[in-house]
Structures are given as structure tokens and as C-alpha cells.
Amino acid sequence: MTNGMVLAIIGAALAALLAGIGSAKGVGLVGEAAAGVVSVDPSKFSKVLILQLLPGTQGLYGLLTAIILLSRIGVIGGNAVDLSTSQGWAFLVAALPIAIVGLISGMVQGKTAAAGVGITAKKPEHNGKGIIMAAMVETYAILALLISILMIYNIEV
Amino acid sequence: MSFKKETKYADGVAAVKAMESTLLTAGDIEQLISASTKAEAESLLNAKRGSGEALSLESVWSFLQDYAPDCAELKLLLYKNDFHNLKAALKAVISGKEPERYYLRPTLLELDTLSGILLKKDYPALPEHIRDTAERAYELLTRTMDGQLADSLIDSAAVSTLLNDAERTGNDFMIKYAELTEAAADIKTAYRCSVMGKNTAFLELAVAGGKDLEKDQLISAALSGTESLFEYLDTTPYSEAAALLKRSPVAFEKWCDDAVMELAESARLLSFGSEPLAAYYIAAETGLKNLRILTVCRESGADRETITERMRRLYV
């Protein structure tokens with residue numbers, strides 16, 4: 001296996017790993033807040049569940065990026081490409097936007113969504129506002145995903 | 001600060017937000033004041049309560065403990081009950097009476113064994129925050145048989161311990177809470193001592209002193225008479241409170257409670273941390289206090305205006 005291949009695989013691993021950690025922390029935090037509300041009022045379960053799902057998307061974006069990257073370099077499909085070191089670096093760097101933004105936005109979205117759980121707890125009729133506010137954070141994860149994918153597709157192999 | 005620390009007690013805060021609807025609102029109080037009979041007031045309260053049990057501070061504390069059993073900040077809220085219970089237990093030990101009916105709850109003390117501990121002088125069995133004070137107060141009371149002096153020692157120690165322990169937590173909310181509690185207690189004590197002509201030794205024991213109210217200056221002003229005391233208080237951040245105290249001690253008490261509620265309100269918008277939990281406890285405590293004031297006022301035949309004037313600021 002070439003050094004380039006190792007670097008590209010590290011990139012794929014980081015995308016899945018960091019974005020996944022961000023999501024796990026975010027979803028876990030909202031889950032804690034949601035459990036607090038449900039322990040007092042179980043009827044609010046469905047409303048807080050939507051908020052809990054929101055920070056989970058970063059992990060999916062990381063997974064998607066990793067799969068695309070691995071298929072581009074032929075690890076998925078069985079035709080592994082001989083990558084030069086510079087190509088390997090290019091793939092690694094291409095994976096970084098979703099890896100880093102996924103980590104941070106997952107945690108931040110978790111905090112925003114947990115605050116949204118507070119809105120649902122107090123004023124269930126304004127649940128949608130909490131969802132919208134938490135969803136705004138998603139924008140930046142989507143932008144990072146877009147950039148990562150564009151870069152991965154445009155690296156010459 | 002780490003993510004975990006920043007987002008501490010997320011479940012408790014969310015649960016508290018869900019429970020806020022059970023707190024008395026200004027509208028509820030208005031309706032209770034307007035209720036023409038006790039039965040009507042009780043029916044309003046029952047309607048507010050719904051199928052839930054009556055709000056008590058013990059149930060609020062137990063609710064908070066479900067989410068934050070290890071929270072040192074919250075425990076500070078019970079110091080005043082603990083020190084009050086110490087006073088009750090000490091007097092009971094000396095007089096041989098049963099202290100149970102004078103105890104306040106919730107408390108951090110094991111009330112069933114408190115009198116026994118004091119009788120056996122087994123002070124290490126007491127929680128740390130009350131240990132030294134219990135020993136000193138017992139010694140003072142048995143030596144002088146002056147209940148007022150022992151009470152003053154305990155009250156002053158309650159405030160000093162609260163201030164020190166709040167500082168130790170490093171939590172700004174609790175530090176401010178402790179400072180407000182200290183200021184209210186010290187101003188009240190200094191005023192009473194000034195009116196009653198107490199001497200320096202008594203004031204030294206009874207006044208705790210704090211950041212904004214320097215102990216020596218407060219004592220010296222109180223010893224020079226109430227006018228000097230008010231002149232000194234005018235130079236502190238508590239000039240507004242002092243002006244109210246000059247007019248009426250009842251207005252001053254209300255100012256103190258409202259200042260603590262203002263602090264509680266500052267934590268209402270937070271989604272994490274111990275502050276909203278503490279604020280909820282303070283809110284429940286104030287709601288119950290309003291109910292007590294309302295009941296006493298009605299029983300004494302106070303008019304609507306007087307009752308409204310005495311109602312404390314509410315959280316929701």
C-alpha cells in the first residue's frame with residue numbers, strides 16, 4: 001500500500017470519526033434534556049424526539065464523505081488505485097471540512113436543540129421555533145459536506 | 001470549559017422548565033387576592049395544581065435531587081433551614097422540649113438524630129458546614145443561658161458559612177445569592193441592634209460582614225444610632241433597601257426577597273447548569289411565601305391594597 005493510499009484512508013477515517021463524535025455528543029445531550037422533559041410530561045416525547053434527531057445528521061454526512069472517498073480511491077469496489085503522496089494528502093485535506101465542521105456543528109447543534117427542548121417543555125405550541133433555530137446550525141455542516149464532496153470528486157486519480 | 005461541564009444538568013433544567021407551569025403566576029396571585037372566601041381560594045389553588053400533589057419545598061427539593069444529587073451549589077440553598085434547625089435543636093436540648101414542630105424542611109441534617117448528637121456533644125457526626133457553629137453555640141448557650149446571643153451567633157455563622165462555601169463553588173449565581181442573603185441579614189441585624197441599643201460585643205457576634213457591607217463600619221454605624229446607620233448604608237449598594245427600611249421593615253423584607261428573585265430571573269433563560277435549578281427552588285419558595293403572606297393578611301383582615309403591596313415578585 002502506498003503512502004498516498006494511507007493518507008487518503010486517514011482522511012476517510014477522520015470524516016467518519018470526527019463528524020460521528022460530534023453527532024454522538026449532540027444527540028446525547030439533547031437526549032438528556034429530552035429525558036428530563038419526558039420524565040415530567042411523557043406526552044411531549046414525539047416533539048422532543050425531532051429535536052434529538054437534528055444533531056445526528058453530521059454523523060451521516062461524515063459517513064457519506066468517507067464512502068465517497070473510499071469508492072473514489074477504489075478501496076470500495078476492489079480496484080485500489082496507486083495514489084501518489086500528494087494525491088493522498090489531497091484526499092485527506094478534502095475530508096477535513098466535514099470532519100472538523102461536523103464535529104463542532106454536531107456539538108453546537110446539540111446545545112441549540114437542547115435549548116429548544118426547553119422551549120418545548122415550557123411552550124409546546126412553539127416547538128417549531130426550537131426546531132428552526134437548531135436547524136440553522138445544519139447549514140454549515142451542509143456547506144462543509146458540499147465542499148468535501150466537490151474536492152473529493154475533483155482530485156485527479 | 002469542556003462540553004460536558006458546559007452542558008451539565010441538561011436533563012434537570014429541561015425538567016424544571018416543564019415544571020414551571022406549576023408555579024404560581026402573578027395572575028394566580030391576583031385571583032387568589034380577589035377570592036372572596038377561603039373555599040374559593042382553595043378551589044383556585046386546586047385548579048392550578050390539577051391532578052398533581054400540593055407544591056411543597058420538600059417535594060421541589062426531592063425533584064431537584066433526582067437530577068442533581070451531587071450538586072454542591074444547590075445544597076447552599078438549604079443552609080438557612082439547617083442553621084434554623086440547629087437553633088431549634090439547641091433550645092430543645094437545653095429546655096428538654098421536643099424540637100420536631102420547630103424544624104424546617106428540606107434540610108441537609110439528619111433531624112431524627114440532631115438532638116441526640118448535640119446532647120452527646122458528638123459534633124463530628126454533624127455535616128461540616130454546621131459542625132463548628134453547633135459546638136460554639138452549645139458552649140455559649142450553656143455558659144450564658146442567653147438564647148438571643150446564641151441565636152445571633154448561629155445567624156451570623158449561617159451567613160458567613162454560606163458566603164465562604166459559595167465562594168468555594170466559584171459559581172457566580174450562588175456567590176451573588178450569598179451576598180444578597182448576607183446583606184439582608186446584616187442590615188436587619190444592625191438595625192435591630194441599633195434600635196435596641198446593643199453593645200459592641202453583641203454586634204461583633206451578630207454581624208457577619210461581607211463584600212459590600214464592611215463589618216467594622218457597619219458595627220460602628222449601628223452603635224452610633226439608626227441615623228448613622230442609614231447614612232452609612234446610603235454609601236453602599238443597598239441605599240435603596242435602607243430607604244425602604246427607614247420607611248417600613250415590611251417593605252425592606254419585600255425588597256430583599258425581590259432582589260433574590262431578580263437574581264433567579266437572570267438564570268431563567270439558561271439551558272444548562274445548576275443556576276436554573278437553584279432559580280426554580282427560589283421561585284417555589286417565593287410562591288409558597290406569597291401564599292403564607294396572603295393567608296396571614298386575610299386572617300388579620302388586611303385590605304386588598306395592603307395584601308398586593310406585600311406580595312413578592314414572582315418568577316413566572
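**Figure 1. Lys289(B) and Asp257(B) pair up in a salt bridge within chain B.** In this predicted model, the closest N and O atoms of the two residues are 2.8 Å apart. Lys289(B) belongs to helix H17 (residues 275-299) and Asp257(B) to helix H16 (residues 249-266), so the bridge ties together parts of chain B that are 32 residues apart in sequence. How much of each partner is accessible? Lys289(B) is partly exposed, at 26% relative accessibility, while Asp257(B) has a relative accessible area of 16% and is buried, because buried means under 20%. Have a look at Arg312(B) as well: together with Asp257(B) and Lys289(B), this residue is part of a network of salt bridges.

**Figure 2. A salt bridge between Lys111(A) and Glu6(B).** Here we move to a contact between chains A and B. The closest N and O atoms of Lys111(A) and Glu6(B) are 2.1 Å apart. Lys111(A) sits in helix H4 (residues 85-122) of chain A and Glu6(B) in helix H1 (residues 3-6) of chain B, so this pair joins two chains. Lys111(A) is partly exposed, with a relative accessible area of 25%. Glu6(B) is also partly exposed, with a value of 31%.

**Figure 3. Glu20(B) meets Lys122(A) in a salt bridge that crosses between chains.** The N to O distance for this pair is 3.2 Å. Glu20(B) is found in the loop between helix H2 (10-19) and helix H3 (26-34) of chain B, and Lys122(A) is found in helix H4 of chain A. Is Glu20(B) buried or exposed? Glu20(B) counts as buried, at 4% relative accessibility, whereas Lys122(A) counts as partly exposed, at 31%. For the wider setting of these views, a search of the whole structure finds 19 salt bridges over all chains.

**Figure 4. Chain A, a chain of five helices and zero strands.** Follow the sequence along and the pattern reads α-α-α-α-α. The C-alpha atoms fill a box of roughly 60 × 20 × 20 Å along the principal axes. Of the 157 residues in chain A, 45% are buried. Among contacts between residues at least 6 apart in sequence, 85% join residues at least 24 apart. Chain A has an accessible surface of about 7200 Å², and carbon and sulfur atoms account for 73% of that surface. The chain carries 8 positive and 6 negative side chains, with the centres of the two sets 14 Å apart.

How values were computed:
Residues numbered from 1 in each chain as written. Chains lettered and ligands numbered in written order. Predicted model: local features only at pLDDT ≥ 70, side-chain atom pairs only at ≥ 80, totals over all residues. Heavy atoms only, no water. Salt bridge = Lys/Arg side-chain N within 4 Å of Asp/Glu carboxyl O. Helix = DSSP H or I, 4+ residues; strand = E, 2+ residues; numbered from the N terminus. Buried < 20%, exposed > 50% of the residue type's maximum accessible area, 1.4 Å probe, protein only. Contact = heavy atoms within 4.5 Å. Areas by Shrake-Rupley, 256 points an atom, 1.4 Å probe, with all protein chains shown as cover. Lys, Arg positive; Asp, Glu negative; His and termini not counted. Charge placed at Lys NZ, Arg CZ, Asp CG, Glu CD.
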